[in-house]
Amino acid sequence: MRFVDEVYSLYRDQLTDDEDDAVSLVLNLLEDHTRQDVLNLIEEMSDDEVLQMVAIYLVEMLKAKMAQEGKLSMWKPSFQTPYIH
């Protein structure tokens, strides 16, 4: 995805081997953006990228739900969502 490539090229020197760096970077980037900004980014994505994004989201949410119910004890979320239904 072009946006990911641009973000990576801008911040590559500040990223370490700690995945928390990527999480912090993404959360900071999204902090000041609106829903419409995010939808505009999605519009630029290919169908495969949209499906991959949704798949990753669904997997993470299912793992969170499993951990919440004690079915997945070793799971650590990539980031904390403000809510889990």
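Reader: Let's start with Glu-44: does its relative accessible area make it buried or exposed?
Author: This is a predicted model, so keep that in mind as we go. The relative accessible area of Glu-44 is 52%. The cut-off for exposed is over 50%, so Glu-44 counts as exposed.

Reader: Which residue meets the side chain of Glu-44 in a salt bridge?
Author: The N to O distance in this salt bridge is 3.3 Å. The pair links distant parts of the chain, with Glu-44 in helix H3 (residues 35-44) and its partner in helix H1, 42 residues apart. That partner is Arg-2.

Reader: And is Arg-2 buried or exposed?
Author: For Arg-2, the relative accessible area comes to 54%. Anything over 50% goes in the exposed class, so Arg-2 is exposed.

Reader: Which other residue joins Arg-2 and Glu-44 in a network of salt bridges?
Author: Look in helix H1 (residues 2-11), where Arg-2 has a partner four residues away, so about one helical turn separates the two. Their closest N and O atoms are 3.2 Å apart. This partner is partly exposed, with a relative accessible area of 38%. The residue that completes the network is Glu-6.

Reader: How many salt bridges does a search of the whole structure find?
Author: Glu-6 pairs with Arg-2, and Arg-2 also pairs with Glu-44. Over in helix H4, Lys-63 and Glu-60 meet too, at 3.3 Å from N to O. The search of the whole structure gives a total of three.

Reader: What separates Lys-63 and Glu-60 along helix H4?
Author: Lys-63 and Glu-60 both sit in helix H4. They are three residues apart, which means that the separation is about one helical turn.

Reader: Is Glu-60 buried or exposed?
Author: Its salt-bridge partner Lys-63 is partly exposed, at 27% relative accessible area. Glu-60 has 18% relative accessibility. Since the cut-off for buried is under 20%, Glu-60 counts as buried.

Reader: What percentage of the 85 residues in the chain is buried?
Author: Glu-60 is one example of a buried residue. Taken over the 85 residues of the chain, the buried share is 9%.

Reader: What share of the exposed area comes from carbon and sulfur atoms?
Author: The chain exposes about 7300 Å². Part of the surface is a nonpolar patch made by Met-53, Val-54, Tyr-57 and Leu-58, about 360 Å² in area, and Tyr-57 belongs to helix H4 (residues 47-68). For the whole exposed area, carbon and sulfur atoms supply 57%.

Reader: What pattern does the chain follow along its sequence?
Author: Count the elements and you get four helices and zero strands. Read along the sequence, that gives α-α-α-α.

Reader: How far does helix H2 reach from its first C-alpha to its last?
Author: Helix H2 (residues 19-31) has 13 residues, and at 1.5 Å a residue the expected reach is 18 Å. The model comes out close to that, at 19 Å.

Reader: Which residue's side-chain oxygen reaches toward Asp-20 at the start of H2?
Author: The target is the backbone nitrogen of Asp-20, and the oxygen comes to within 3.0 Å of it. The residue that supplies this oxygen is Asp-18.

Terms used: Residues numbered from 1 in each chain as written. Predicted model: local features only at pLDDT ≥ 70, side-chain atom pairs only at ≥ 80, totals over all residues. Heavy atoms only, no water. Expected span 1.5 Å × (residues − 1). Polar contact = N/O pair within 3.5 Å; in protein donor to acceptor, adjacent residues only side chain to side chain. Buried < 20%, exposed > 50% of the residue type's maximum accessible area, 1.4 Å probe, protein only. Areas by Shrake-Rupley, 256 points an atom, 1.4 Å probe, with all protein chains shown as cover. Patch = residues over 30% accessible without salt bridge, like charges linked within 9 Å, V, L, I, M, F, W, Y side chains within 5 Å. Salt bridge = Lys/Arg side-chain N within 4 Å of Asp/Glu carboxyl O.
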